[in-house]
Amino acid sequence: MSRVLIVARNTFREAVRDRVLYNLVFFALLLIASAVVVGQISMDIESVVMVSLGLSAISLIGLLIAVFTGVGLVSKEIDKRTLHAVLAKPLRRWEFLLGKFAGLVLTLTVNTAAMAAGLFLAILYLKHSLVRGDAVVLAAVYLILLKLALVVALAMLFSCFTSPLLAILFTGGLYVAGLFVAQLRNLQTTQFNPQTQKLFTVLSYLLPNFENYDVMGAAAHGRAIPASLVLHDTLYTILYCGIVLSAAAAIFSRKDLK
Amino acid sequence: MQVEEGEVFGFLGPNGAGKSTTIKLLMGIIFPTAGSARILGKPVSDVPMHRDIGYLPEQPYFYDYLTAAEALDYFARFHGFTATERKERVHKMLKKVGLETAGKIQLRKYSKGMLQRVGLAQAILHDPKLVILDEPMSGLDPVGRREVRDIILELKNDGKTILFSTHILSDAEMLCDRVGVIAGGKLRGVGAPGSIVGVQSVGMEIVFEIAEGRQLAETIRAKVAKSGANYRITVSEAELYETLEQLRATGAKVISVTQVKPTLEDFFMELVGKDRAQAAAIEVSGK
């Protein structure tokens, strides 16, 4: 486990020294600041608009980092051949993979926390005080973070067996598909025969359900987010990431590096 | 092919012969389609065994956002050293490879030769029993090559086993107890650098000088080559005394007489030549 942490720490350090991430966080803070302006011109629903825009910015920036950095985590090391010296150490390939995953999730946690802090400052600026109900925004941010962890795992899986560009497309495609899992599951139409319907149902359970993580509407309107949903999503993420990372490790462990 | 404990083993072959591929197989970077290999008595897939191996990849690349000291510290962590031990070892290694003053510079600012030195440092910082170096001299200037040679000899004196690949034959002749020659993906010979190429003399080289205006005998003139102020001629052992007599008769001053033995380079060239001829024959026959 300590070897996983060594790789994770270094992955985090790489992100900290990469100025692109700072630019993205700056961009997100800018979006939140603009939300304040937009909020001011939206009569009576300032905080709704601002929280919606703020959470969307956090989610979007997080997704960009998760997909692009996630795909490059392993493929960049293979391309640059930095892996050769690392794998000569007493380090198993799955440990390396898990360390990379943990490092990026840690980076995303820090980034998301910074952006969430910006959002709370904006809320404070608008409402002059924070109330207990604003904690739902925190829960929404946590669910975004879980979603990002799952996206990173998927990006890493695809990057283990295909080119970075295809891995980005596959991850993006799967993310979009995962937003419509409920619709796929409840598809009741006479257009398809029962076998196809059944296939859609099975597929809806296999696809990562990204809809689960979307509580932006509730958070913006200050509605409570059930603890059971947070727990469910946490367990779902751990399980799904476990399966995806195990598959990635199985592929990566047998991969010939150039 | 077997590398014995405590020896310096040179793995020779032209570019594309399969040297790096073999080493990558040993290090678990790529996987064999057939056959097996063992290191320190364990299969190459045994990851804990890597504690006792140091590896310098060919044209090594490291995280360029780290300084040399940070990169070495990162690698040292995998061996479970304490913070104090890591600091000591990193300092010692940077000094050993001549990067003591450049330890705090990010690797993106390093030259190829400096990266090679970092590569060497990370390969030996945990005091491994076996050191595998893939083209350790590549990218280095003459001073750097000399320093790497000294480090290899130092490691040998410390009782380490060293396997290194190279296509620079003089390095192999100077450092190796034994060499293995690979060409076209096949091992062509293993043995001491002297024995592998044969001990039979291929002739005698005479170096001499001659005053201007003096005429050399016709038979000598045909074979002689001028280098600087001196002349050199290579003759068979049977012709040696007769040639010396002719030179003396023309008033030449003999500077040296040396036995010419086949070099690794001759052996190497012969192998490569055979390979190319074989490849051409296959191409012509269409098989």
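## Domains of chain B

Into which domains is chain B divided? In this predicted model, the division gives domain 1, covering residues 8–192, and domain 2, covering 203–260. The C-alpha centres of domain 1 and domain 2 of chain B are 46 Å apart.

## The four-stranded sheet of chain B

Let's turn to a sheet in chain B. Four strands form an open sheet in the order S10-S11-S9-S12 (chain B), and their pairing is antiparallel. Strand S10 (225–227) and strand S12 (253–260) of chain B are at the edges with a single partner strand each, so one side of each has no neighbour in the sheet. From one strand to the next, the twist averages 25°.

As a general reminder, strands of a sheet pair through backbone hydrogen bonds, in either a parallel or an antiparallel way. Here, S10(B) is joined to strand S11 (residues 230–235) of chain B by three bridges in the antiparallel sense. For B:Ser227, the bridge partner in S11(B) is B:Asn230. Helix H9 (residues 240–249) of chain B packs on the sheet, where it touches strand S9 (203–209), S11 and S12 of chain B. The direction of H9 makes about 10° with that of S9(B).

## Two helices of chain A

Over to chain A, where helix lengths can be checked against expectation. Helix H5 (residues 93–127) of chain A has 35 residues, and from its first C-alpha to its last it reaches 50 Å, close to the 51 Å expected at 1.5 Å a residue. Just after H5(A) comes A:His128, with a positive phi of about 65°.

Helix H6 (residues 135–159) of chain A passes a similar check: its 25 residues should span 36 Å at 1.5 Å a residue, and its end C-alpha atoms are 36 Å apart, which agrees. Is H6(A) largely enclosed by the rest of the structure, or largely open? Of its 25 residues, 20 are buried, so H6(A) is largely enclosed.

## Where the chains meet

Finally, the two chains touch. How many residues does each chain bring to the contact? Chain B supplies 23 residues and chain A supplies 19 residues. On the side of chain B that touches chain A, the elements giving two or more residues are strand S4 (53–56), helix H2 (68–77) and helix H4 (112–124) of chain B. H2(B) gives the most to this side, with three residues.

By class, the side of chain B that touches chain A is made up of 17 nonpolar, four polar and two charged residues.

Conventions: Residues numbered from 1 in each chain as written. Chains lettered and ligands numbered in written order. Predicted model: local features only at pLDDT ≥ 70, side-chain atom pairs only at ≥ 80, totals over all residues. Pairing = 2+ DSSP bridges. Axes fitted to C-alpha atoms, helices over the stretch in contact; angles between N-to-C directions. Contact = placed C-beta atoms within 7 Å. Expected span 1.5 Å × (residues − 1). Buried ≥ 20, exposed ≤ 12 C-beta atoms within 10 Å, placed from the backbone. Nonpolar A, V, L, I, M, F, W, Y, C, P; charged D, E, K, R; others polar. Domains from an automatic or database assignment.
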